[in-house]
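Work through these exercises with the model open in your viewer. Try each task before you read its solution.

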Amino acid sequence: MRAIVQDEYGPPHVLSLGEVPIPTPGAGDVLIRVHAAGVDYGVWHVMTGLPLIGRLGFGLRRPRNRVPGMDVAGVVESVGANVTAFRPGDEVYGAATGAYAQFALARPGKLARKPANLSFTEAAAVPASGVTALRTVGQVTAGEKVLVIGAGGGVGSFATQLAVAGGAHVTAVCSTAKADLVRSLGAQAVIDYTREPLTGTYDLIIDIAGIRPLALLRGLLTERGRLVIVGGEGGGRWFGGLGRPLAARLITPFTRQRLDAPIALTRTADLDALRDLIEAGAVRPAVGRTYSLAEASIAVGDLAAGNAPGKLVITVD
């Protein structure tokens, strides 16, 4: 089968189109014929091998899995002997291993039925970003003021919509190029960080892949406000942006403000909840740009550059 393969760490050119065997499902696996796959920062970290501490999980000298990609949407090709939740022909979405290929393996607990009102391309934009946003926004009270930093990206576009659906007043922070997108998602106010500073006071701040100091963000919170850090870039080669999430967890026991940096794993229950919201029209994926499988390296490069609005998706013929 055709697949994107990676045999070393480095910049986008280490991702190349090649031929690999179709994976064989084990007793607890689902084999998916891939129609589309999402592009997320997890792929970038595995591609570059950064931060270096991450190599403890995805391979010390080279990637443990040659085929990258996690977010997936497609059709079940076959299932292992112990799988009862899905059967061949089911249209599914979720998290797989090696999604940048014509076929990929997934565990049933990381898949769900695809939203009926989405194409495969749209569905592939949902899993990691949507689940992260769902866990991040949590229970928003109507009338709360919410600041979403990085609102024009994959996670941010979902977080903005979920907060609006919960009745919050949402201020979205993004670049000039993404302002129209976040307004279309329901944000009542937009701060263009390239032109103006962050101002105001908020009950909840969601900071996605940011590098702003915790002291600055806490100064924008109410006395009992919540700050949620999602990912984080910058930092050194060894630990990258892990410093801020760690500091947030250390500080929060000693303040009335709640600081958190949750880790969201893609699971069936969350995918089901997102499907219900999507089919009800409360949330929709914001697909900013699509790429062919052969253009996967370009897609990851565009993600890292931060120029494309919404979620980037690779389509697989």
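**Exercise 1. Walking across the sheet**

Find the residue of β11 that is the bridge partner of V146.

*Solution.* Step 1: start at V146 and cross into β11, where the partner is L204. (Strands here are DSSP E runs of at least two residues, helices are H or I runs of at least four, and both are numbered from the N terminus.)

Before you go on, a word on the ground rules: this is a predicted model, in which local features need pLDDT of at least 70 and side-chain atom pairs count only at pLDDT 80 or more, while totals for chains, interfaces and linings use all residues. Residues are numbered from 1 along each chain as its sequence is written, and side-chain values use heavy atoms, leaving out hydrogens and water.

Step 2: keep going from L204, and you'll meet R226 standing opposite in β12. Further along, I208 has V230 as its bridge partner in β12.

Step 3: now count the bridges. Strand β8 (residues 145-149) pairs with β11 in the parallel sense over four bridges; pairing takes at least two bridges found by DSSP. β11 and β12 (residues 221-230) are also parallel, over six bridges.

Step 4: zoom out. The order of this open, six-stranded sheet is β10-β9-β8-β11-β12-β13, with parallel pairing. β10 (189-192) and β13 (258-260) each have a single partner strand, so one side of each lacks a neighbour in the sheet. On average, neighbouring strands are turned by 15° against each other, direction ignored.

Step 5: add the helix. α5 (residues 154-165) packs on the sheet and touches β8, β9 (169-174), β11 and β12. Its direction makes about 170° with that of β8. (Axes are lines fitted to C-alpha atoms, for helices over the stretch in contact, with angles from 0 to 180 degrees between N-to-C directions.)

**Exercise 2. A charged residue in a strand**

Is D207 buried or exposed, and which residues does it touch?

*Solution.* Step 1: place D207 in strand β11. β11 (residues 202-208) is mostly covered, with six of its seven residues buried.

Step 2: check the residue itself. D207 has a relative accessible area of 0%, so it is buried (buried is under 20%, exposed over 50%, partly exposed in between, for a 1.4 Å probe and protein chains only).

Step 3: list the surroundings. Not counting residues up to four places away in sequence, D207 touches I149, L217, L227, V228, I229, V230 and R244, where contact means heavy atoms within 4.5 Å.

Step 4: try the same routine on K311, in strand β15 (residues 311-315). K311 counts as buried because its relative accessibility is 3%. With the same sequence neighbours set aside, its contacts include D40, D71, S129 and R289.

**Exercise 3. Two helix crossings**

At what angle do the axes of α4 and α9 cross, and which residues make the contact?

*Solution.* Step 1: take α4 (residues 127-137) and α9 (residues 268-279), whose axes come within 10 Å and cross at roughly 90°. That makes α4 roughly perpendicular to α9 (65 to 115 degrees; under 35 is roughly parallel, over 145 roughly antiparallel, the rest oblique).

Step 2: pick out the contact. P127, G130, V131, L134 and R135 of α4 meet D270, L271, A273, L274 and L277 of α9. These split into seven nonpolar, one polar and two charged. (Ala, Val, Leu, Ile, Met, Phe, Trp, Tyr, Cys and Pro count as nonpolar, Asp, Glu, Lys and Arg as charged, and the others, Gly among them, as polar.)

Step 3: look at the burial of α4. Nine of its eleven residues are buried, so α4 is largely enclosed by the rest of the structure. Among the buried ones are P127, G130 and V131. Just after α4 comes G138, with a positive phi near 60°.

Step 4: set up the second crossing, between α1 (residues 41-48) and α10 (residues 296-305). Their axes come within 10 Å and cross at roughly 105°, so α1 and α10 are roughly perpendicular too.

Step 5: sort that contact. Y41, V43, W44 and M47 of α1 meet V300, L303 and A304 of α10. Here you get seven nonpolar residues, no polar and no charged.

**Exercise 4. A quick distance check**

How many residues apart in sequence are G243 and I211?

*Solution.* Step 1: find G243 in helix α8 (residues 243-251). Its relative accessibility is 46%, so G243 counts as partly exposed.

Step 2: jump to I211. The two are 32 residues apart in sequence and 10.0 Å apart in space, C-alpha to C-alpha.
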